[in-house]
Protein chains: 2
Amino acid sequence: MRVRILGSGAGGGFPQWNCGCSNCRRYRSGLFRGSARSQAQLAFSEDGEDWYLLNASPDLRYQIESTPELHPRAPGRNSPIRGVILSGADVDLCLGLLLLREWHRLEVYSTAGVRAAITNGNCFFRVFERMTGQLRWECVEPGSAHSLDSFSFRLLSMPGKYPAWAIDPSDLRPDQAVSGILIESRSHQTLAFLPGLPCISPDLLNVLASCVIVLVDGTFWSEDELIEIEPNARRASEIGHMPVSGPNGSMAALSSLTGTRRIYIHINNTNPILDESSSQHRAVREAGWEVAYDGMELAL
Amino acid sequence: MRVRILGSGAGGGFPQWNCGCSNCRRYRSGLFRGSARSQAQLAFSEDGEDWYLLNASPDLRYQIESTPELHPRAPGRNSPIRGVILSGADVDLCLGLLLLREWHRLEVYSTAGVRAAITNGNCFFRVFERMTGQLRWECVEPGSAHSLDSFSFRLLSMPGKYPAWAIDPSDLRPDQAVSGILIESRSHQTLAFLPGLPCISPDLLNVLASCVIVLVDGTFWSEDELIEIEPNARRASEIGHMPVSGPNGSMAALSSLTGTRRIYIHINNTNPILDESSSQHRAVREAGWEVAYDGMELAL
């Protein structure tokens, strides 16, 4: 299975349009050692012909255009993109669905709660009604495996909330709000995609230990990172992201996974690991981690 | 006044993600003489400090990032973008508002009908409720002039429809669905922005004759252009776009405006004028027209 990281940044990408943090300022002035990041997005294919997406980022138009494997292969309207699996309902995870509205049939997989949060009271999604059956949206239960043509996937329920903008989120099942996604290839190797990871339970640690590749929430280096640019901002753990560093960070919590390829993704523009000359970047590399970048290729 | 064309394409841009038309195929194979186009978007500023946008395209994150004038100028969260004037409610015209949701105050100007079409029953727009007064959305009446700090603008009512996905569009005033936008600079020079132009009345022709620059709907070269790639597609005039060519086209209808700088914008990926080696491109140039491109600078 080929896996392509189309985007490795957190919401807003790097640099972020209205951010003057140290990373963004230095990047724009050409003084930054590290690359720009579009918003987190994965694509994968078992045969190189049919491709599936993990989430649908607001940058999807550019991400598709910069990936020849995802281009049309014939005259007329066509695309090798078959479907999308969603890990949550945040705007950054699903807005890209609206960019795929040009008369192309698409399979979408999510929990029932995520589907309801995104589409209840959302007139934008009525745009898909002009073509019968354009979106075939299948709701799946966290925990159970779902086989598609050439691979299977499983959603892992994570502690987390529906977006505050959702209509009546209290009517939706809390265990369906945020998921990790496990993709199992035809050769029975598993990749875990956890762009929003609030904590690591012993069960989750066991699951991750059985994976060949884990793509883990690298949003923030530290708990207070956002407060440095926005005094009223919340801490990392308050918005569902375990920081990378510290005794309660993901680097320490996953230090036992020495047989697994560990990669940070969904990296916020403020995170010092984006700066390849930083001590923080060096620290994650020395701990055996990789830092995802746009265009990165993985194989399962 | 400085005017920057951030995007010059129609909805979906050029190349379009799932399009295998002759233009898109040749562009991707490196055989096309002409540049890619992001979705139509303008920015303008009277003093080079405060900038306003005409519409808010889905490509806005990339368009801002590729325009140093629109970057933050200080540490912390900040942006020189003050406001947005909307010409209609189509997803391609307003989706970019959701990309500007990161804790930045914004003035939005549109007709009451366009505001209702976009925001009624649209849970995504509740994302702005987390910050009090983040969007100050002022509804303006077509025809009347509105003065802001350093310029004034006027919406011109065009024949046209609200998007089919809007909630109860029949409850909204039809004359508020689609507008042209006139921007008058401090030096009393006027630019017209007409990305959706279904027809040209004698009154409109008079208005345009008084403008220094007109940016005109260049979506389609011909009436049947879309049918060539999608057999079930509608004709240009059925979706509110006067074609460029032919006896009923905009090139003929505006041939008397010899004292006005005439520029085609909102150019669909299928339009042969994108190909600089085409006879159609030559024809518009010989008729005195320019073809907008991303990054084009204008002055008023």
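This report describes salt bridges in a predicted model.

## Overview

Over all chains of the predicted model, a search of the whole structure identifies 32 salt bridges. Selected examples from chains A and B are set out below.

## Pairs in chain A

A:E49 and A:R73 are joined by a salt bridge, in which the closest N and O atoms lie 3.3 Å apart. This pair connects distant parts of the chain, with the two positions 24 residues apart in numbering. A:E49 belongs to the loop between β2 (41–45) and β3 (51–54) of chain A, while A:R73 belongs to the loop between α2 (60–65) and β4 (81–85). A:E49 has a relative accessible area of 46% and is therefore partly exposed. A:R73 is likewise partly exposed, at 43% relative accessibility.

A salt bridge also forms between A:E138 and A:R136, where the closest N and O atoms are 3.2 Å apart. A:E138 counts as partly exposed because its relative accessibility is 31%. For A:R136 the relative accessible area is 45%, so this residue is partly exposed.

## A network in chain A

Salt bridges may also involve several residues in one group, as with A:R2, A:R4, A:E69 and A:E297, which are linked in a network.

## A strand-to-strand pair in chain B

In chain B, the side chains of B:R261 and B:E290 meet in a salt bridge with an N to O distance of 2.7 Å. The two residues are 29 residues apart and link distant parts of the chain. B:R261 is in strand β12 (residues 261–265), and B:E290 is in strand β13 (residues 289–291). With a relative accessible area of 33%, B:R261 is partly exposed.

How values were computed
Residues are numbered from 1 along each chain as its sequence is written. Chains are lettered from A and ligands numbered from 1 in the order in which they are written. This is a predicted model: local features need pLDDT of at least 70, side-chain atom pairs count only at pLDDT 80 or more; totals for chains, interfaces and linings use all residues. Side-chain values use heavy atoms; hydrogens and water are left out. A salt bridge is a side-chain nitrogen of Lys or Arg within 4 Å of a carboxyl oxygen of Asp or Glu. Helices (H or I, at least four residues) and strands (E, at least two) are DSSP runs, numbered from the N terminus. Buried means under 20% relative accessible area, exposed over 50%, partly exposed in between (1.4 Å probe, protein chains only).
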